[in-house]
Amino acid sequence: MSSTKVVVVGAGPVGSLAALYAAQRGFDVEIYELRNDLRDPTTVPLNFTKSINLALSVRGITAMQQAEPNSAEGERKLLDHVLAATIPMRGRMIHGKKVTGELYEEGQDYDVHGRTIFAVDRGGLNKRLLDVLESMPNVKFFFNHKLTGADFRKRKAWFEQRTGSAPQEIEVDFDLMVGADGAHSSVRYQMMKFTRVDYEQSYIDTLWCEFQIQAKAQYDLAQPMSRFRISPNHLHIWPGKEFMYIAIPSEDGTFTCTLFAPGDKYAYLESNPANVPSFFDHYFPGVTDLIPAEELIASFNRNPHLPLISIKCKPHHYSSSVVLLGDAAHAMVPFYGQGMNAGLEDVRTLFTFLDRFPASEWGHALDEYTAYRVPDAHSINDLALQNYTEMRASVLSPTYRLRKFLEESLSKYVPSLGWQTKYSRVSFSNERYSEVIARSEYQGKILMRTFFGAIGVPTLVAAAWAWVRYRRTAETGVKALYGFVAGAIRR
Ligand code: FAD
């Protein structure tokens with residue numbers, strides 16, 4: 001067994017996967033976690049502060065797959081187990097109300113090739129990682145241990161042990177510390193004392209609160225999917241322009257729903273929670289048919305109203321002794337469903353760099369890791385912020401739909417061009433996030449040029465001609481031109 005000791009701080013999904021990668025390479029691994037063991041039924045469930053359900057996509061799946069390099073196909077202890085407990089979501093289901101007052105829902109598939117993302121229970125995924133780690137002889141857990149200090153030159157850290165009647169401080173040595181202790185990372189805070197970290201943190205003016213759609217009490221037992229009240233294979237969105245409501249399916253037939261709305265809307269509802277059902281009826285038509293009014297009010301009162309933080313920092317490491325992963329390095333708003341996926345991808349990426357060097361030269365590996373990963377972390381933070389506009393408003397816009405249609409058609413019928421929607425690149429590939437942005441901007445430019453070339457320029461020429469030829473009826477001509485262009489976009 002190697003004498004290299006890797007200390008992981010934080011046993012969330014990212015820290016647990018990092019511990020697994022390190023353990024598989026034969027390092028001595030110690031995991032320190034502030035909270036009690038998640039698998040202990042007395043532990044306060046994570047969903048008091050975190051969303052219950054997450055969207056798992058290719059990046060997260062690839063990272064877990066590569067944690068099992070020696071497993072034979074069909075015997076994967078981690079991935080098979082995790083995927084068996086997921087529900088594929090093939091697209092968004094947009095809910096709304098027509099001018100006639102009739103409710104409608106409209107499916108928008110995520111991918112023209114039929115690929116899906118997966119709804120997964122965060123706790124279930126995390127527990128499975130802990131189970132796999134527990135079976136490894138070179139892994140030790142230290143639950144109820146809070147990092148309180150670190151000296152990254154001397155490679156020593158101090159933890160407050162909260163297991164006995166009075167907290168005690170213990171000192172721990174390490175070769176490499178992995179800081180996977182979430183958005184409010186203590187490792188990051190300690191690391192800032194040793195190196196100049198550029199740090200950017202912002203809260204967006206949006207709070208979130210969870211609700212639940214219950215499964216049907218009575219359903220056809222031969223068809224378990226019939227227990228879902230709405231399609232189980234979609235991420236449901238009630239777009240509200242300024243805000244939105246979403247629902248993600250769970251294996252037991254329920255949906256975990258989230259209201260994302262600005263602070264003033266929350267303040268309005270908090271001042272009189274009895275207004276919650278009428279607020280929903282106005283902005284999210286159909287929801288009160290799925291969640292009775294009194295349950296909506298009770299959930300709004302019971303569940304926390306939490307902020308959304310976005311964090312960028314650089315570098316992600318100091319020397320050869322500490323590296324930040326997951327939310328500790330790049331907490332992001334949840335609108336691309338990538339926070340955990342990106343964190344799991346951090347782990348896979350980090351180890352491709354560590355594997356190239358002996359432990360004595362990990363300083364080089366971490367320098368290279370930061371240089372490679374920071375642009376991608378910044379990119380997905382930006383994309384996540386942009387996607388909020390897409391989810392709450394653009395999904396209804398004709399221009400957005402036209403671009404999606406064109407890019408998907410090219411992807412399907414002219415695959416040699418390599419065109420894909422931005423969403424496909426983010427969710428169904430392991431392409432670098434920074435390249436996703438570059439490719440998407442490039443595609444956007446080409447589409448604009450083609451649009452103006454194929455439609456814009458001829459129509460402008462036609463308009464100029466119409467203006468000269470029929471000056472007196474120019475106004476009518478311009479109106480007709482406007483109608484033509486708007487029609488082309490809508491189509
Ligand atoms: P965390 O899950 O925060 O884990 C950090 C761990 O460190 C915790 O267990 C904590 O107890 C421990 N810790 C903290 N401080 C200390 C300390 N001082 N000492 C020891 N231990 C400590 N991501 C997706 O990929 N898809 C989604 O669909 C998605 N939806 C989301 C919806 C919402 C509403 C939110 C808020 C987030 C969503 N995310 C999603 C993001 C995702 O939840 C996070 O990115 C992910 O949980 C980060 O994992 P992590 O392991 O880095 O950090």
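1. Two residues are in contact here if their C-beta atoms, placed from the backbone, lie within 7 Å of each other. With that in mind, consider the contacts in this predicted model between residues at least 6 apart in sequence: 69% of them join residues at least 24 apart.

2. For an overall inventory, the protein has 16 helices and 19 strands, and buried residues make up 38% of its 491 residues. The points below take up one pair of strands and then two helix pairs that share helix α11.

3. Strand β1, which covers residues 5–9, and strand β2 pair in the parallel sense, and five bridges link them. One of the residues to look for is K5, whose bridge partner in β2 is D28. Strand β2 itself, running over residues 28–32, is mostly covered, since four of its five residues are buried.

4. Helix α1 (residues 13–24) packs with helix α11 at an angle of about 20°, and their axes are 9 Å apart. Angles under 35 degrees count as roughly parallel, and α1 and α11 are therefore roughly parallel to each other. Their crossing is right-handed. On the α1 side the contact is made by P13, V14, L17, A18 and Y21, while α11 contributes M340, G343, L344, D346, V347 and F351. Sorted by class, this contact of α1 with α11 has nine nonpolar residues, one polar residue and one charged residue.

5. Helix α11 (residues 339–354) also meets helix α12 (residues 362–392), and here the two axes come within 9 Å and cross at roughly 150°. Because angles over 145 degrees count as roughly antiparallel, α11 and α12 are described as roughly antiparallel to each other. The crossing in which α11 passes α12 is right-handed. From α11, the residues A342, D346, T349, L350, F353 and L354 take part, and they meet W362, A365, E368, Y369, R373 and I380 of α12. By class, the contact of α11 with α12 has eight nonpolar residues, one polar residue and three charged residues.

6. Which residues of α11 should a reader trace when looking at its contact with α1? They are M340, G343, L344, D346, V347 and F351. For the contact with α12, the α11 residues to trace are A342, D346, T349, L350, F353 and L354. D346 is therefore worth finding in the structure, because this residue of α11 is listed in the contact with α1 and is listed again in the contact with α12, where the roughly antiparallel pair is formed.

Definitions and conventions: Residues numbered from 1 in each chain as written. Predicted model: local features only at pLDDT ≥ 70, side-chain atom pairs only at ≥ 80, totals over all residues. Axes fitted to C-alpha atoms, helices over the stretch in contact; angles between N-to-C directions. Helix = DSSP H or I, 4+ residues; strand = E, 2+ residues; numbered from the N terminus. Parallel < 35°, antiparallel > 145°, perpendicular 65-115°, else oblique. Left-handed = near helix turned anticlockwise from the far one by under 90°. Nonpolar A, V, L, I, M, F, W, Y, C, P; charged D, E, K, R; others polar. Buried ≥ 20, exposed ≤ 12 C-beta atoms within 10 Å, placed from the backbone. Pairing = 2+ DSSP bridges.
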